[in-house]
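Reader: Hello! Could you take me on a close look at one helix and its surroundings, with the cut-offs spelled out as you go?

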Amino acid sequence: MQREVRAAYDALDAEAVAVRSSATIEDGFTASLAGQFDTVLGLRDSADVLRRVRWLWASLWNARALRAMAAAGRSPLRTSQAVLVQERIDTRSAGVLVTRDP
């Protein structure tokens, strides 16, 4: 896995990357758990990326996520967690738009 992550990171050739988690239960009809798992921004070398990939996989089990899953009646044992490495780009602003009353 380490070789694959390093190779993909090197091929990305980005100044900085974001390492983000995404669980299969983040957005659903009965609950939203988005934001319960970790994200790290601005990493600049493969050693940091590898360390944070492991950290973010483990964030499925952080206290915040476990509380939110318990409140939603979900179990981490029935959940998958992906970790994405994306080029970080400079922005001027960001936001969230809700288009329907949850």
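Author: Gladly; here is a walk around helix α3 and the residues beside it. This is a predicted model, in which local features need pLDDT of at least 70 and side-chain atom pairs count only at pLDDT 80 or more, while totals for chains, interfaces and linings use all residues. Residues are numbered from 1 along each chain as its sequence is written, and side-chain values use heavy atoms, with hydrogens and water left out.

Helix α3 covers 63-71; helices here are DSSP runs of H or I with at least four residues, and strands are E runs of at least two, numbered from the N terminus. Asn-62 caps its N-terminal end, with a side-chain oxygen 3.1 Å from the backbone nitrogen of Arg-64.

Within α3, Ala-65, Ala-68 and Met-69 are buried (under 20% relative accessible area; exposed is over 50%, partly exposed in between, with a 1.4 Å probe and protein chains only). Viewed down the helix axis, these buried residues fall within an arc of 100°, so they line one face; the arc is taken from the directions from the axis to the C-beta atoms. The face turned away from that side carries exposed Arg-67, Ala-70 and Ala-71.

Arg-64 also forms a salt bridge with Asp-38, at 2.9 Å from N to O (the rule asks for a side-chain nitrogen of Lys or Arg within 4 Å of a carboxyl oxygen of Asp or Glu). That pair links distant parts of the chain, since Asp-38 sits in the loop between β1 (17-23) and β2 (39-43), 26 residues apart from Arg-64. Arg-64 is partly exposed at 36% relative accessible area, whereas Asp-38 counts as buried at 17%.

Just after α3, Gly-73 takes a positive phi of about 70°.

Definitions and conventions
A polar contact is a pair of N or O atoms within 3.5 Å; within protein, one must be able to donate a hydrogen and the other to accept it, and residues adjacent in sequence count only if both atoms are side-chain atoms.
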